[in-house]
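Here is a protein to look through together, one question at a time. Shall we start with its charged pairs and work outward to its domains?

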Amino acid sequence: MKRNVLTAPVLKMVRWGLMCLALCLASMPANADDEMANTLVYAGENEDTINPLLNNHQELPTIIFSGLMKYDAKGQPVPELAESFTYDKGTHTYAFKLRDGVKWHDGKPLTVEDILFTYDALTKDKTLASSITSNYEDIKSITAPDAQTVVFTLSKPNAAMLDNFTIGILPKHLFAGKDINTAPANQHPVGTGRYKFVEWDTAGGMIILEKNKDYYGKVPNIDRIVYKTVAVESTKALMLQSGEADLAWLNAKYADTFRGKDGYKNIDFATADYRSAAMDFHTDFWKRNGDSIGVLNYALNKDAIAKSVLNGQGFPAFSPIQMNAYGGNKAADIYPYDLKKFAAEMEKLGWKKGKDGIYERNGQKFSFTIQVRDYEEERVDIAKVIANELKKAGVDMQIVLVTKFDWKAGYNGFLAGFAAEFDPDGVYKDFVTGASDNTMAYSNPKVDELLKKGRATEDPAQRKAIYGQFEEAYAERPGHLLVAYLNGNYVSIAGLQGLDTARVLGHHAVGVMWNIEDWTLNR
């Protein structure tokens, strides 16, 4: 595979971005050198909204906002804004007692009204453009019997509910009476978390945060974070090389260029982040040929992709919950790389090769389009290998490079990334028919049945068995061509200490800042 290089146009764009950063830092007061000594510059991701209800990339929301619960090092939910909670199994009722004295970053007190407002939005606001509303569909009522208590009654058991209570709480005084999707507070967030928002320099591509000295828990050691909104992978690598960033998540090839290099550290996390070709069942092609997705696995050498494109920093995927404590059922790993088996199964499905070597059925060629964002180099490389291997086997997968996904253009799918790093119910919203993040319109009655059963079953051993059955059912009739799981390859300057790899990270290796209050920076 051809190695990624920094092209002249990319270098020009990167240098312009670095110049903007330099100008911004130059405008700091006379004590700027002292301030920068304890300021972390993080080459992050593109952002346009910082709102835990709306933002799929959860890095900044989890350090600006707080939930009733939070995740610990093992990914288990523990109290945060809640001082304590009780659960009545007979009535499926959670009662949370709130911490005393918690304040929003603007100085106003957190109240039960903020909790009620946030969960009313998640359960009642039909205009809310959120992918996570299916997580809250079992909430029947929410009440506040006193100023320190919030009570949630569910319509049925929901074993994942404590996980869902980790969602950040919104300040009612900034969102009430406004459209949550477009409210100004989405670009000027006010939370109760470890860091508070200072400024969003959209021209310079940076978001500036400072530590919350009034935080109710451990106050972070690092005073400020300059979060650079960076899309291009090569830009992040160059920022690290030039000293303009202290930390970045890089693709495996760029990360490997820093291994053993003086002044840098590689921090490799396990993640639940997988790459796949997600098929769009809104399109006629997959409405007619959805029975022929699973067979494509036989034509894909996933080991080779993990070794080449991912530089060995990943492994073959066979299940969307493979890295979950409730997943990894080997009985669902039913597709070895086997071109003879592929040809035999294609024949059973009624496909025959045409004169051009591409399979045909019912007068239609096995030809479909997959859109890939052009700036995500690793995904582009993965898509190219998939297309090449499928083409050799007789299937035409056409890659369409886009800057932004176009869901109305009629493409047959996209090169996707997903993760269920916490409770396995995280895939409910993605795969249950009509669920809030099932954007590809996948529908499988057996999958629906098992995911609903898994959510409603509280016994861990029974849940494990149910999710194992889900993995088998999904493998038999998948909506994604699963390819590989990725390690989370972070690179930092040597003086950044405290990143803890105990946590399994999520999509785009999100979650690295789970213990940021323990980090230290020594330049």
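Q: In this predicted model, which residue forms a salt bridge with Asp291?
A: The two ends come from distant parts of the chain, 70 residues apart: Asp291 is in the loop between helix H9 (284–289) and H10, and its partner is in strand S16 (residues 359–361). The closest N and O atoms of the pair are 3.0 Å apart, and the partner of Asp291 is Arg361.

Q: Is Arg361 buried or exposed?
A: Its salt-bridge partner Asp291 has 31% relative accessibility and counts as partly exposed. For Arg361 the relative accessible area is 10%, and the cut-off for the lowest class is under 20%. Arg361 is therefore buried.

Q: How far apart in sequence are the parts that Lys89 and Glu458 tie together?
A: The side chains of Lys89 and Glu458 meet in a salt bridge of 3.8 Å, N to O. Lys89 lies in the loop between strand S4 (82–88) and strand S5 (93–98), while Glu458 lies in the loop between helix H14 (445–456) and helix H15 (460–476), so the parts they tie together are 369 residues apart.

Q: Lys89 and Glu458: what is the relative accessible area of each?
A: Lys89 is exposed, at 55%. Glu458 is partly exposed, and its value is 28%.

Q: Which residue pairs with Asp518 in a salt bridge?
A: Asp518 sits in the loop between S23 and S24, and its partner in the loop between strand S9 (206–211) and strand S10 (224–228), so the pair ties together parts 300 residues apart in sequence. Asp518 is partly exposed at 36%, and its partner is partly exposed at 46%. With the closest N and O atoms 2.8 Å apart, the partner is Lys218.

Q: Which side chains are joined to that of Ser66 by polar contacts?
A: Ser66 is in the loop between helix H3 (59–64) and strand S2 (69–71), and it is buried, with a relative accessible area of 1%. Residues that Ser66 touches include Glu80, Leu81 and Ile167. One polar contact, of 3.0 Å, reaches Thr192, and another, of 2.9 Å, reaches Tyr216.

Q: What is the phi of Ala509?
A: Most residues other than glycine have a negative phi. Ala509 is not a glycine, yet its phi is positive. Ala509 lies in the loop between strand S23 (496–497) and strand S24 (520–521) and is buried, with a relative accessible area of 1%. Its phi is about 55°.

Q: Where does Asn311 lie?
A: Asn311 is a residue other than glycine with a positive phi, near 50°. At 25% relative accessibility, Asn311 counts as partly exposed. Its place is the loop between helix H10 (302–308) and strand S14 (314–316).

Q: How many salt bridges are counted between domain 2 and domain 3?
A: Domain 2 covers 185–270 + 488–521, and domain 3 covers 271–486. The two bury about 1,600 Å² between them, 51% of it on carbon and sulfur atoms. Across their interface there are 10 residue pairs in polar contact, but the salt-bridge count is 0.

Q: Which element gives the largest share of the side of domain 2 that touches domain 3?
A: In this interface, 23 residues of domain 2 are in contact with 21 residues of domain 3. The elements giving two or more residues to the domain 2 side are helix H7 (233–242), helix H8 (252–256), strand S12 (264–269) and strand S22 (488–493). The largest share is 4 residues, and it comes from H8.

Methods: Residues numbered from 1 in each chain as written. Predicted model: local features only at pLDDT ≥ 70, side-chain atom pairs only at ≥ 80, totals over all residues. Heavy atoms only, no water. Domains from an automatic or database assignment. Contact = heavy atoms within 4.5 Å. Buried area = accessible area lost by both parts, 1.4 Å probe. Salt bridge = Lys/Arg side-chain N within 4 Å of Asp/Glu carboxyl O. Polar contact = N/O pair within 3.5 Å; in protein donor to acceptor, adjacent residues only side chain to side chain. Buried < 20%, exposed > 50% of the residue type's maximum accessible area, 1.4 Å probe, protein only. Lists of a residue's contacts leave out its neighbours within four places in sequence.
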